[in-house]
Amino acid sequence: MNKEMSETLTRVGPGTRMGELLRRYWVPALMSSEIAEPDGPQVRVQLLGEKLLAFRNTDGRACLIGEFCSHRGVSLYFGRNEENGIRCAYHGVKFDGDGHCVDVPSSPQSCARMHIKGYPCIERGGVVWAYMGPEGQQPELPEVEWCTLPPEQVFVSKRLQYSNWLQAMEGGIDTAHVSYVHRYEVDSDPMHQGVKALDYIKADGNVIFEIERTPFGLSLFGRRNGEPDSYYWRITQWLFPWFTLIAPFGEHALAGHVWVPIDDHHCWAWSINWRPDRALSEEELEAMRAGKGIHVEYEAPGSFVPAANRDNDYMIDRVAQREQRSYSGVFGFSAQDYSLQESMGPIQDHEAERLLPTDKAIVMARRMLNEAALGLEQGEAPPALDSQAQRVRPAGVLLPREQSPLAWARTELADSTRKPVFSL
């Protein structure tokens with residue numbers, strides 16, 4: 001990846017190629033619970049390099065507007081959320097949930113020239129989603145499976161990551177690393193225990209990939225040795241532009257991520273577990289709330305900053321590393337991932353990397369993102385806007401060595417949300 005392509009994929013502010021592309025999709029902005037009450041406290045939100053303010057208005061609608069008052073630039077975080085709008089605490093200028101100025105006490109005739117940004121919002125899966133693109137170009141609502149299920153079947157968390165969104169997301173695409181960085185902890189994690197597939201993953205670090213380009217993005221087929229007459233296939237998906245799905249382990253919940261840029265150097269890593277057929281059990285919820293599996297423990301309640309972070313070297317334990325209780329010395333699946341991704345720097349030096357065959361999916365995703373960003377600049381429609389194509393599931397399955405996993409998936413994972421979960 002040369003410097004120009006790296007710049008295209010990692011710069012996300014207004015007017016940048018990638019920034020303009022990502023604004024054409026529904027953006028996960030914040031959890032619905034962060035603005036739980038009508039007329040409750042407003043929340044600062046930064047997305048794609050823009051500083052914004054989220055609030056729930058008097059009528060209960062989730063709203064997202066520019067953070068700063070158009071009069072003198074004061075932050076509306078210090079304003080009053082009341083009567084279906086935010087009133088600036090400095091001079092009383094008021095904005096509604098669409099960013100329209102509705103009152104200028106000292107100059108009522110000035111309202112028309114005082115508007116600020118306002119973005120349409122919807123709520124699905126316990127998440128407030130915003131559309132930040134051109135008016136009249138809103139895509140269909142997201143249809144990733146967890147968005148469509150009752151609340152009791154879904155658990156959503158998020159964390160702050162100190163790296164560009166691309167290298168974070170590429171970690172979600174890359175399943176080859178599971179045989180290494182996670183190998184010593186999978187047996188003890190409550191969301192992975194008693195799973196036969198872990199034996200295959202730990203025994204065979206030489207994963208071989210087949211990749212299929214699809215209407216939603218990419219299907220990734222990772223092959224490891226299974227039984228003498230079979231291969232173990234982990235089938236995962238990258239849903240353009242920022243969703244990744246994780247193949248289930250045994251009878252545990254399905255899982256996935258969303259990787260959302262805050263700015264060029266930070267991103268939100270959303271983590272989701274869900275059960276398609278039943279409510280999550282209290283035991284499952286307890287583990288998720290405690291930061292097990294793909295979730296994290298926070299430094300402070302509501303901070304979304306992981307307790308293991310760059311300021312404390314991710315609580316690395318060299319004794320545990322030496323004793324083979326943790327491969328990297330860092331504990332927690334997410335911490336093991338983001339500690340390495342953040343170690344690359346805020347934006348990885350892509351020109352210096354030397355890719356390997358296991359990076360095939362990453363290369364393809366980069367090309368698709370780059371093609372889409374350049375295409376949009378030339379007036380082409382963004383890809384993967386058909387939300388129905390998002391209704392796919394990952395799988396873990398043993399197949400006879402002569403059987404094609406792509407053919408199997410086209411049969412068994414077609415309209416997969418209507419079929420049983422395949423896992424080992």
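Among contacts in the protein chain between residues at least 6 apart in sequence, 61% join residues at least 24 apart. Keep that figure in mind as we go through the chain. The model is predicted.

Start with the overall build. The protein chain holds 9 helices and 19 strands. Its radius of gyration is 22 Å, close to the 22 Å that the globule rule gives for 424 residues, so the chain is as compact as a globular protein of that length. The C-alpha trace spans about 80 × 45 × 45 Å along its principal axes.

Next, look at what is covered and what is not. Of the 424 residues in the protein chain, 57% are buried. The accessible surface comes to about 18300 Å². Carbon and sulfur atoms account for 49% of that surface.

Now turn to charge. The protein chain carries 43 positive and 58 negative charges. The mean positions of these two sets are 2 Å apart. Side chains of opposite charge can pair when their charged atoms come close. How many salt bridges does a search of the whole structure find? The search finds 26.

Take one pair close to the start of the numbering. Glu 4 and Arg 17 meet through their side chains in a salt bridge, with 3.4 Å from N to O. Glu 4 lies in helix H1 (residues 3-10) and Arg 17 in helix H2 (residues 17-22), so the pair ties together parts that are 13 residues apart in sequence. Are the two partners buried or exposed? Glu 4 is exposed, because its relative accessible area is 52% and the cut-off for exposed is over 50%. Arg 17 has 27% relative accessibility, so it counts as partly exposed.

Stay in helix H1 for a moment. Ser 6 is found there too. With 9% relative accessibility, Ser 6 counts as buried, because buried means under 20%. Which residues does Ser 6 touch, not counting those up to four places away in sequence? They are Met 1 and His 350.

A second salt bridge joins the side chains of Glu 67 and Arg 44, at 3.5 Å from N to O. This pair links distant parts of the chain, 23 residues apart. Glu 67 sits in the loop between strand E4 (62-66) and strand E5 (80-81). Arg 44 sits in strand E2 (residues 43-47). Glu 67 has a relative accessible area of 7%, so it is buried. Arg 44, at 44%, counts as partly exposed.

Salt bridges can also be linked into a network. Here Arg 80, Glu 82, Arg 87 and Asp 103 are linked in this way. Within that network, the side chains of Glu 82 and Arg 87 meet at 3.9 Å, N to O. Arg 87 is buried, since its relative accessible area is 18%.

Finish with helix H7 (residues 333-343). In this helix 9 of the 11 residues are buried, so H7 is largely enclosed by the rest of the structure. The buried residues include Phe 333, Ala 335 and Tyr 338. Charged residues appear in that group as well, among them Asp 337 and Glu 342. What do the buried residues of H7 pack against? They pack against strand E12 (154-161) and helix H3 (165-173). After H7 comes Gly 345, whose phi is positive, near 100°.

Definitions and conventions. Residues numbered from 1 in each chain as written. Predicted model: local features only at pLDDT ≥ 70, side-chain atom pairs only at ≥ 80, totals over all residues. Heavy atoms only, no water. Salt bridge = Lys/Arg side-chain N within 4 Å of Asp/Glu carboxyl O. Helix = DSSP H or I, 4+ residues; strand = E, 2+ residues; numbered from the N terminus. Buried < 20%, exposed > 50% of the residue type's maximum accessible area, 1.4 Å probe, protein only. Rg over C-alpha atoms; globule rule 2.2 N^0.38 Å. Contact = heavy atoms within 4.5 Å. Areas by Shrake-Rupley, 256 points an atom, 1.4 Å probe, with all protein chains shown as cover. Charge placed at Lys NZ, Arg CZ, Asp CG, Glu CD.
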